[in-house]
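Student: I would like to learn how the terms used for a protein model are justified, one step at a time. Could we go through them together?

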Amino acid sequence: MPQGTLEVLLVGAKGLDNTDFLCNMDPYVILTCRTQEQKSSVASGKGTEPEWNENFVFTVSEGVSELTIKIMDSDSGSADDFVGEAIIPLEPVFMEGSIPPAVYNVVRDQEYKGEIRVGLAFTPEGSGGQGYGAGGYEQGYGAPRGYEEETYGGWKESS
């Protein structure tokens, strides 16, 4: 299994199942890569067609084979509603290095609940890879992973 850095570009979603019957949903996403979990911002009032255009970075270690994306609806005063989830296999991005934003089905209880658009880039450990140049991914210039601490005076280039 490869080790390195997985960059995720969360673009947006379409055709989501509306869990708020009286008003527009306030969707957000929880991204899980094995034990690491990150949360997007809440797309307030964006309903079934939210856009985030946010980047997330995960450290990939042995045994990581998929990325789980859960879409939730933020509700004030009550528990947030589970809209659906997409499970994305990571083997293609490990092989290719990057996958431009693609559409994945969102499901709940084995039923289609819309789609989510996500781009992926993988940088193997020990390579100074470029990551994604397009779509808001940051450029991966500088020393290969693991060498940052050895640079003179501890200086690191910020992006």
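Tutor: Let us begin with a definition: a salt bridge is a side-chain nitrogen of Lys or Arg within 4 Å of a carboxyl oxygen of Asp or Glu. Please keep in mind throughout that this is a predicted model.

Student: What makes the contact between R108 and D17 a salt bridge?

Tutor: The nitrogen and oxygen of R108 and D17 are 3.1 Å apart, and the limit is 4 Å, so the pair is called a salt bridge. R108 lies in strand β7, residues 98-108, whereas D17 lies in the loop between β1 (4-14) and β2 (27-33), so the bridge ties together parts that are 91 residues apart in sequence.

Student: Which residue other than R108 forms a salt bridge with D17?

Tutor: D17 also forms a salt bridge with K113, where the closest N and O atoms are 3.5 Å apart. This pair, too, links distant parts of the chain, since K113 belongs to strand β8 (residues 111-124) and is 96 residues away from D17 in the loop between β1 and β2. K113 in turn forms a salt bridge with E111, with the closest N and O atoms 3.5 Å apart. The count by this rule comes to 3 salt bridges, and D17, R108, E111 and K113 are linked in a network of them.

Student: Why is K113 called buried, and why are D17 and E111 called partly exposed?

Tutor: Buried means under 20% relative accessible area and exposed means over 50%, with partly exposed in between. K113 has a relative accessibility of 11%, so K113 counts as buried. D17 has 28%, which lies between the two limits, so D17 is partly exposed. E111 has 47%, and therefore E111 is partly exposed as well.

Student: How many strands and helices does the chain have, and how much of the chain is buried?

Tutor: The secondary structure comes to 1 helix and 8 strands, and along the sequence they follow the pattern β-β-β-β-β-β-α-β-β. Of the 159 residues of the chain, 37% count as buried.

Student: What makes up the largest nonpolar core?

Tutor: The largest nonpolar core has 31 residues, and those with the most contacts inside it are L6, V8, L67, L90, I116, V118 and L120. At least two residues of this core come from each of β1, β2, β4 (51-60), β5 (66-73), β6 (81-89), α1 (91-96), β7 and β8.

Student: Why is the aromatic pair called edge-to-face?

Tutor: A search of the whole structure finds 1 aromatic pair. The rings of F94 and F122 have their centres 4.8 Å apart and their planes at 65 degrees; centres within 6.5 Å make a pair, and planes over 60 degrees apart make it edge-to-face, so both conditions are met. F94 lies in helix α1 and F122 in strand β8, so the pair ties together parts that are 28 residues apart in sequence. F94 has a relative accessibility of 12% and therefore counts as buried, and F122 is buried as well, with a relative accessible area of 6%.

Student: How many disulfides are there, and are C23 and C33 buried or partly exposed?

Tutor: A search of the whole structure finds 0 disulfides. C23 has a relative accessible area of 48%, so C23 is partly exposed, whereas C33, at 0%, counts as buried.

Student: What is noted about the phi of R34 and of D109?

Tutor: Most residues other than glycine have a negative phi. R34 has a phi near 55 degrees, a positive value in a residue other than glycine, and D109 has a positive phi near 50 degrees. R34 is found in the loop between β2 and β3 (36-39), while D109 is placed in the loop between β7 and β8.

Student: How do you know that R34 and D109 are exposed?

Tutor: The limit for exposed is over 50%. R34 has a relative accessible area of 52%, so R34 passes that limit, and D109, at 66%, therefore counts as exposed too.

How values were computed: Residues numbered from 1 in each chain as written. Predicted model: local features only at pLDDT ≥ 70, side-chain atom pairs only at ≥ 80, totals over all residues. Heavy atoms only, no water. Helix = DSSP H or I, 4+ residues; strand = E, 2+ residues; numbered from the N terminus. Buried < 20%, exposed > 50% of the residue type's maximum accessible area, 1.4 Å probe, protein only. Core = buried A, V, L, I, M, F, W, Y, C linked by side-chain atoms within 4.5 Å. Disulfide = S-S within 2.5 Å. Phe/Tyr/Trp six-rings, centres within 6.5 Å; stacked < 30°, edge-to-face > 60°.
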